[in-house]
Amino acid sequence: MMANLGLTYVRIAEFAWSRLEPTEGQLEFAWLDEIIAILAEHNLQVLIGTPTATPPKWLVDKWPEVLPVDPNTGRTRGFGSRRHYDFSSTIYQRESERITRELAQRYGQNDAVVGWQTDNELGCHDTTLSASDAAHSAFIEWCRKRYETIDALNAAWGNAFWSMEYRSFEEIDLPVGTVTEAHPSHRLAYQRFASGQVIDFNRRQVDIIREHAPGKFVTHNYIPMNETGFDNWELAESLDFASYDNYPLGRSDLHFANASAEAFKPYMRTGHPDFATYYHDQSRGLSLNKAGFWIMEQQPGPVNWAPNNPRPAPGMIRFWTLEAFAHGADCVSYFRWRQAGFAQEQMHAGLLRPDNSRAEAWDQVVQSIAEVEQLGAASEETLAAPIAIVSDAPGQWVTDIDRQSDAYNYNQVQLSYYRALRELGLDVDFISTRADLSAYKLVLVPCLPIVDDAFVARCQNTSATVVFGPRSGSKTEDLSHPANLAPGSLQALLGVKVLSVETLRADCHEPLTWDGREFRSGIWREEIETGDTEVLARYEDGSAAATRSQRFIYLATLTDRDFLKAFFSGLCSQLDIALVDWGKDVRVRRRGKLMFAFNYASESRTLPVDENARFLLGDRQLPPRDVAVWEAPV
Ligand code: GAL
C-alpha cells in the first residue's frame with residue numbers, strides 16, 4: 001500500500017527498543033530484517049530512528065538511576081510513557097550507545113537503509129533539564145571546567161549577594177527548590193550545562209552511526225525550536241540536515257490559547273499563516289539555509305495532544321505539503337501511516353484508519369506527490385533570502401530567567417518580527433550569530449542580550465543594515481550588567497546607552513511616534529542616552545525610543561504589528577527589497593524559479609501576478625485554502 005501510494009521513504013523503529021531487545025542482551029532483529037526486506041522489495045527507502053527515547057522496563061528496573069528528576073517538583077519521572085531518561089546518567093549513555101551501535105552495525109551497510117534519525121524529539125515534554133544526582137555531579141564538573149577556581153565562579157556570578165558564596169565546587173547545588181528565585185547566573189549555567197548534555201548525547205549517537213553507516217545521512221526531528229531547551233544551532237552542527245515535526249493545528253491551538261474566538265477561529269482548521277513556516281524557515285536555517293530540511297512528521301488529520309483537536313479544513317494536508325516544499329523542504333513525511341488502535345495516541349489520525357481503510361488525508365497525499373513531482377519542487381534551489389533574523393538560544397534563556405516582565409517572551413518577539421516580514425511578502429532566513437552576514441541586505445536581531453566581539457566585528461564588516469531590538473547587549477556572558485551599561489559592546493555600533501528599563505502590562509501600552517504617525521510602545525521600554533545618533537521614534541514625553549547610527553538601528557522598546565510592518569517596509573524601500581503585500585491571509589514564497597502563493601482565507605483572492613506569468617498550478621483567481629504556482633524569473 002505504501003508503494004502504491006507513491007511514498008519514497010519510510011521511517012521505522014524510533015520507539016522499538018522493547019522489541020529489539022526484549023530482555024537484557026537478547027537482541028531480536030529478525031522482525032526488523034523482514035520489514036526492511038519487504039520495504040526494499042517495493043523500492044521504499046528506509047530511515048531508522050534510534051529507539052533511545054523509550055528505554056524498556058527491564059533497563060529502568062535494573063538501573064533506576066537512569067530516570068530523570070523533574071526540577072520543578074523534585075519527583076523522579078517514571079516509566080510508562082516516553083523520554084524517561086537522564087542525559088547525565090553514564091549508565092544510560094552507555095546503554096543508548098550500545099543499542100545505537102547494534103543497530104548501526106546491523107543496518108549501516110544495508111542498501112535499503114538510506115538514513116538515520118537520532119532519538120526522537122529531543123527535549124520534548126520539558127526533558128532537557130533534570131535535577132537528578134547524576135545531573136548534579138556532572139554540573140559540578142562542568143562548573144569546575146568552566147571557571148577553574150571557586151573564587152572565579154563566585155566573582156563571575158556575583159555570589160556575595162545574599163551570602164551565596166561557595167568555598168568549593170562540591171558545595172554547589174542545582175538551582176532548584178530555592179525559597180524564592182534562584183540566582184540568575186546559576187540558572188543560566190545550569191541551562192547551558194543541560195544544553196551541552198543533550199548535544200553530547202546526540203553527538204555520540206551520530207558518531208556511532210557515521211562509523212558504521214558511512215555515506216548515509218543523519219538527521220534529527222526537532223520540536224518547535226523555542227521549546228527544546230537546548231542550543232538548536234549547536235545540535236544541528238553534527239547533522240546532515242535538520243528535520244521538523246509539523247503539527248499546525250495542535251501548535252496553533254496551544255499558541256493562541258488566550259486569543260479571542262474571533263481572532264482564533266479563522267485559523268482553527270488551517271493553522272496561523274505564519275506559524276508552520278516560522279519553523280520551516282528555522283529548520284532550513286539549522287541546515288545552513290541551503291542544505292534543505294525535512295518534515296519528518298506532518299499532521300494528517302486531528303491529533304490527540306492539544307487541548308482541542310479540530311479536523312483540518314478540506315485540502316489542508318496538500319496545502320501544508322506544498323507550503324513546506326515552497327520553504328525549502330526536500331521531503332514531507334506524514335505521521336502516522338496507520339492510526340494506532342491502542343495506547344496513548346489512539347485518537348491521532350493516520351493515513352489509514354485502525355482498520356486499514358483510507359483516511360481523509362489519503363487522496364490529498366496522492367495529489368501532493370503528483371504535484372511536487374510535476375513542479376520539480378524538490379529539486380529547485382532555495383535561494384538566499386534578502387533578510388535574515390538572528391536567533392539565539394542563550395538570548396531565550398536569559399530573558400526567561402531574568403524576567404522583569406511577565407509579558408516579555410523571546411519567542412513572541414521573534415515571531416512578531418517574522419510575521420511582519422511575511423505579511424509584507426518577504427522571504428526570510430534564520431541565522432545564528434556565527435553566520436556569514438554578507439548575503440543579506442537587512443539583518444534583524446530581535447533580542448541578543450549576550451553579544452560576542454566576533455559578532456560585533458561581523459556586523460561592522462558587512463554592508464547590511466542591522467536592526468537590534470531592546471535587551472540586546474544588555475548582559476555579560478554570566479548574566480550581569482556590562483560595565484559600560486547596555487547595550488554593552490554594541491555601543492560601538494549603535495552609539496546609545498540604556499539608562500533604565502521599565503516594563504508594562506501587555507494591555508497597557510503608550511504612544512510611540514514615528515514618521516509623523518502614532519503607534520504603540522509597550523511591555524518593555526528603555527530610557528536611552530542618544531549620543532550622536534539620529535532619533536527615529538519618540539515616546540509620548542518626546543524622549544528617544546528608536547535611533548539610527550549609519551547602518552545600525554536600535555529599537556529601545558517593543559512595539560506593535562502596525563509599527564513593525566510600516567518600519568520594515570520603509571527600510572525595504574530604502575534597501576531596494578521588493579514587497580509583495582497581496583492582502584490579509586495570502587502568503588508568497590519563492591523557491592528557485594517557482595513562485596508560490598498560499599491563500600489561508602476562507603474567500604477567493606485575485607493575485608495581481610504579471611500577465612505573462614506561466615502558471616504551473618492554479619491561476620490568478622486563487623480559491624480559499626488553495627495554492628498557485630507560477631514561474632518567475634530569478
Ligand atoms: C510527535 C512525536 C510522535 C507522535 C506525534 C503525535 O511529537 O514525535 O512520536 O507522538 O508527535 O502528534
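This passage walks through a predicted model, from its parallel sheets to a helix pair, a buried leucine and a few unusual backbone spots.

The seven-stranded sheet comes first. Its 7 strands line up in the order β1-β2-β3-β4-β5-β6-β7, the sheet is open, and the pairing is parallel. The edge positions go to β1 (9-12) and β7 (329-334); each has a single partner strand, so one side of each is left without a neighbour in the sheet. Going from one strand to the next, the twist averages 25°. In general, the strands of a sheet are held to one another by backbone hydrogen bonds, and the pairing can be parallel or antiparallel.

Starting from the β1 edge, 4 bridges tie β1 to β2 in the parallel sense, with Val10 sitting opposite Val46 of β2. Strand β2 (residues 45-49) then pairs with β3, again parallel and again over 4 bridges. Gly49 finds its bridge partner in Gln117 of β3. On to β4 (residues 217-222): this strand runs parallel to β3 and is joined to it by 3 bridges, and here Trp116 faces Val218 of β4.

Strand β3 itself (residues 113-117) is well tucked away, with 5 of its 5 residues buried. A helix is laid over this part of the sheet: α5 (residues 90-107) lies across β2 and β3, and the helix runs at about 165° to β3.

Next comes a pair of helices. Helix α6 (residues 133-147) packs against helix α7 (residues 150-157) at an angle of about 90°, and their axes are 8 Å apart. With that angle, α6 counts as roughly perpendicular to α7. On the α6 side, the contact is built from Phe139, Cys143 and Tyr147, while α7 brings in Ala152, Leu153, Ala156 and Trp157. In terms of chemistry, the residues of this α6 contact with α7 come out as 7 nonpolar, with no polar and no charged ones.

Helix α7 also has two distinct sides. Its buried residues are Ile150, Leu153, Asn154 and Trp157. These cover an arc of only 100° around the axis, which places them on the same side of α7. Asp151 and Ala155, by contrast, are exposed on the other side of the helix. And what sits over the buried residues of α7? The cover includes α6 and α8 (184-212). Right after α7 comes Gly158, with a positive phi near 80°.

Leu235 is another spot worth a look. This leucine belongs to helix α9 (residues 232-236) and counts as buried because its relative accessible area is 1%. Setting aside neighbours within four places in sequence, Leu235 touches Leu122, Val198, Ile199, Asn202, His220, Tyr222 and Phe230. Take His220 from that list: the two residues are 15 apart in sequence, with 9.0 Å between their C-alpha atoms.

Parallel pairing turns up again further along the chain, around strand β8 (residues 387-390). Ile387 and Ile389 point one way from β8, Ala388 and Val390 point the other way, and all are buried. Strand β8 is joined to β9 (residues 428-431) by 4 bridges, the two running parallel, and Ile389 stands across from Phe430 of β9. Strand β10 (residues 442-445) also runs parallel to β8, this time through 3 bridges; there, Ile387 is opposite Leu442.

That leaves the backbone oddities, beginning with the cis peptide bonds. One links Phe335 to Arg336, with omega at about 5°; Arg336 sits in the loop between β7 and α14 (361-375). Another links Ala486 to Pro487, with omega at about 0°, and Pro487 is placed in the loop between β11 (465-468) and α18 (491-494).

Positive phi values also crop up outside glycine. Asn356 has a phi near 75° despite being a residue other than glycine, and it lies in the loop between β7 and α14. Its relative accessibility is 36%, so Asn356 counts as partly exposed. Asp585, which is not a glycine either, has a positive phi of about 75°. This aspartate is found in the loop between α19 (561-575) and β19 (586-591). Asp585 is classed as buried because its relative accessible area is 10%, below the 20% cut-off.

Technical notes:
Residues are numbered from 1 along each chain as its sequence is written. This is a predicted model: local features need pLDDT of at least 70, side-chain atom pairs count only at pLDDT 80 or more; totals for chains, interfaces and linings use all residues. Side-chain values use heavy atoms; hydrogens and water are left out. Buried means under 20% relative accessible area, exposed over 50%, partly exposed in between (1.4 Å probe, protein chains only). Two strands pair if DSSP finds at least two bridges between them. Axes are lines fitted to C-alpha atoms, for helices over the stretch in contact, and angles run from 0 to 180 degrees between N-to-C directions. Angles under 35 degrees count as roughly parallel, over 145 as roughly antiparallel, 65 to 115 as roughly perpendicular and the rest as oblique. Contact means heavy atoms within 4.5 Å. Ala, Val, Leu, Ile, Met, Phe, Trp, Tyr, Cys and Pro count as nonpolar, Asp, Glu, Lys and Arg as charged, and the others, Gly among them, as polar. The arc is that of the directions from the helix axis to the C-beta atoms.
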